[in-house]
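Visitor: I'm new to this one and would like a close look at a single part. Could you take me to the ligand and what surrounds it?

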Amino acid sequence: MSVETAITLNARGIAQLSERLGEPEWMRAKRMAAFEAFESMTFPRWDRTEIVGLDLDDLAIYREGGALTEAELPEPLKSIAEKKKGQASLFFQVDGAKTWSSPLEELEAKGVVVVDFPTALQKYGELVKEHLMSSVGFDEDKFTALHYAAVSSGWFIYVPKEVVVEAPIELRSYGAAPGLGLFSHVLVVAERDAQVTIVHGSASDDGGAQRVVADVVEICPKDGAIVEFNAVQDWGRETFNYTVRRSLLGRDATVNWCTGEFGSRLSRSHTRSILHGMGSSSNYLSVYFGDGDQHLDVGITMLHEGEHTASDMVTRGILDGSSRVVYRGLTDIENGARFSSGFQSENSMILSEEARSDSIPGLEIDETEVQAGHAATTGKIDPVHLFYLMSRGLRRQEAIHLMVVGFLDTVLQRMPLESFRQELSSLIDRKMHG
Amino acid sequence: MASEIYLKIEDLHVEVEGNEILKGVSLEIKGGEVHALMGPNGSGKSTLAYALAGHPRYEVTSGRVYLNGQDLLEMEPDERARAGLFLAFQYPSEISGVTVANFLRTAINSRRGKDNEISLAEFGKKLREQMERLEMDPSFASRYLNEGFSGGEKKRSEILQMAMLEPNIAILDETDSGLDIDALRIVADGVNALRGPNLGVLCITHYQRILRYLEPDVVHILLDGRIVQSGGKELAEELEEKGYDWLREKIGAQG
Ligand SMILES: Nc1ncnc2c1ncn2[C@@H]1O[C@H](COP(=O)(O)OP(=O)(O)O)[C@@H](O)[C@H]1O
Ligand SMILES: [Mg+2]
């Protein structure tokens, strides 16, 4: 089935998709409502991030899939499978509907569910219904509406209470068909005192055609649950990426985000922890690397609602070429969130004359008994440092490479999952080699 | 035949931000020799060191410098280093996130070139040996380069780099200052261990202290951007005894 015969973005297409996925009636209703919202809404007007050259007419949103063998995986996924088999539970999706996974029996034996999103709608309908849209609504803006109207891939992860999943669960979404839009939903439910580490990797080979991505991640950690969520995007350079990640935390729950932003032409990737439960906490560690004419809009919000909640965000990024990065960090401590603390720091390093970094750290505090602070810097390579390194024989480019890696390393070192750190390191190296 | 290792400086003039700091310095150092360069604060010692290493803020307005037959001033700072020049900085930079070991391996490999990289085993062995000689704790290798190092640790780190990179001409810019007597001995022993026909040393110093360990072949005195006197190691002793004022008077009397 070629893209031409794929399901496209219109009322008939959405109904067709719902039918094809065999989803429950409640989902069909939500989907149709989302599509209506999508049609009635205009494009959002974001400060400093302009949506240019985005064409949603006749957008291909779904292609038939099925199970892939390991040999049929695209090269990047194949090498991940080879490297990580036995060390992680792997579940890959190519063009949304083509899937491959490593054996998941061990997880199933513990009652852990790892299934693709359409399967979850069929088999775990009630659980999905209870948690879907619990933190990201369908009518927040045109793109969340698009997401819920067109969603056909992604995963549902369910960890029963007190179950600790040791090995990471790796979810990988890869776009191979040129022009095919990707709309995946990652829904994670961690019951009371459960623990799980997830890697969510997104990448594509765009083949010169525009790709539209509208992804939503919702993480629901119940009381005392701990979720480590590692996300890396290396979308192709024709991709418009819209990603919202959100978590609504229960009492004493923890969500730690580690993210790497590398790919896409235009990316808006916003993460939010809603520290609702008393004693809940969230860390966010992030690196980004913009080059060429990329525009990356990275946002992170820590919303403190409960007492004794704690958050910390640390971001470091590199800008090269004529790239532009807009970083928005917001620590928002609501009235009633007494004895809470929220900190953030953001440092960027600019390697070229044309690149531009807009850093907008924010602190909104509506409570007195709190601790909070932020710091942001934007700098260039220090010429004295460069001279020092070159005086040891390093070529200019080698010296800059070393300083860039060193600059980001202070964040990478804090990321707990070694394989994830290595993945980000090799993406940084690839960017440095142009 | 004489050693092919040499640094030859001819009538070097250097400006910093439009001010002439070096006003015609000439000097020749051969492999196997140790030269001391002494002079009061502000006389231009570091300026000479930086200009030789190719610091972008130090502008050579006239003169020539040759390193083993190559025109040094034509080269970029990294090319000078790969040609065999080394400068132990008076104030080394702190490079966050870059470990000493990773940095040194990168520096060695950029000199050795592609497909000739030093093996991890050989590198590790060499690094351990040199660190032991300088009485450095093994944990040093995994610390970020100079970050949070004490003054003494920075100086040792510079000599460690020199030992690992095996230059032909090493300029030590006040490597002795700020060191207690034990550290001074360790650093001086470290330099002495590297001496040989393939290494010439220019030891810039304020005091005669380190020269007791290094035993220079020649001592030069720099005053206001000019070498006003050169002599044997007894010149350093005389200077220490009588002070720079004595020298100024003496020069003044001559001039
Ligand atoms: N980077 C610089 N910017 C401005 N002036 C400088 C700089 N470096 C050196 N100078 C000036 O050049 C002169 C010589 O300095 P320097 O070479 O550091 O002397 P020394 O190392 O002998 O103490 C001094 O007058 C100093 O103020
Ligand atoms: Mg000096």
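Guide: Here is a walk from the ligand out to the sheet next door.

A word on reading it: residues count from 1 along each chain as its sequence is written, while chains are lettered from A and ligands numbered from 1 in the order in which they are written. This is a predicted model, where local features need pLDDT of at least 70, side-chain atom pairs count only at pLDDT 80 or more, and totals for chains, interfaces and linings use all residues; side-chain values use heavy atoms, leaving out hydrogens and water.

Start with ligand 1 itself. There are 13 residues around ligand 1, and the nearest are B:Gly42, B:Lys45, B:Ser46, B:Thr47 and B:Tyr58 (near means a heavy atom within 4 Å). By type, that shell splits into four nonpolar, six polar and three charged residues (Ala, Val, Leu, Ile, Met, Phe, Trp, Tyr, Cys and Pro count as nonpolar, Asp, Glu, Lys and Arg as charged, the others, Gly among them, as polar).

Now the polar contacts, meaning pairs of N or O atoms within 3.5 Å. A polar backbone atom of B:Gly42 sits 2.8 Å from an oxygen atom of ligand 1. For B:Ser46, a polar backbone atom is 2.9 Å from an oxygen atom of the ligand. B:Arg57 uses its side chain instead: one of its polar atoms lies 3.2 Å from a nitrogen atom of ligand 1. On its own, ligand 1 exposes 550 Å², and the protein buries 66% of that (Shrake-Rupley areas, 1.4 Å probe).

Which element gives the most to this shell? That's helix 1 of chain B, residues 45–53, with three residues (helices are DSSP runs of H or I, at least four residues, and strands are runs of E, at least two). Helix 1 of chain B also lies across strand 1 (6–16), strand 2 and strand 4 of chain B, at about 110° to strand 1 (contact means heavy atoms within 4.5 Å; axes are fitted to C-alpha atoms, and angles run from 0 to 180 degrees between N-to-C directions).

Those strands belong to an open sheet of four in chain B, ordered 2-1-4-5, with antiparallel pairing (strands pair if DSSP finds at least two bridges between them). Its edges are strand 2 (19–30) and strand 5 (70–71), each pairing on one side only. Strand 5 of chain B pairs with strand 4 (residues 58–67) of chain B over two bridges. In strand 5, B:Gln70 is the bridge partner of B:Leu67.

Terms used: Polar contact = N/O pair within 3.5 Å; in protein donor to acceptor, adjacent residues only side chain to side chain.
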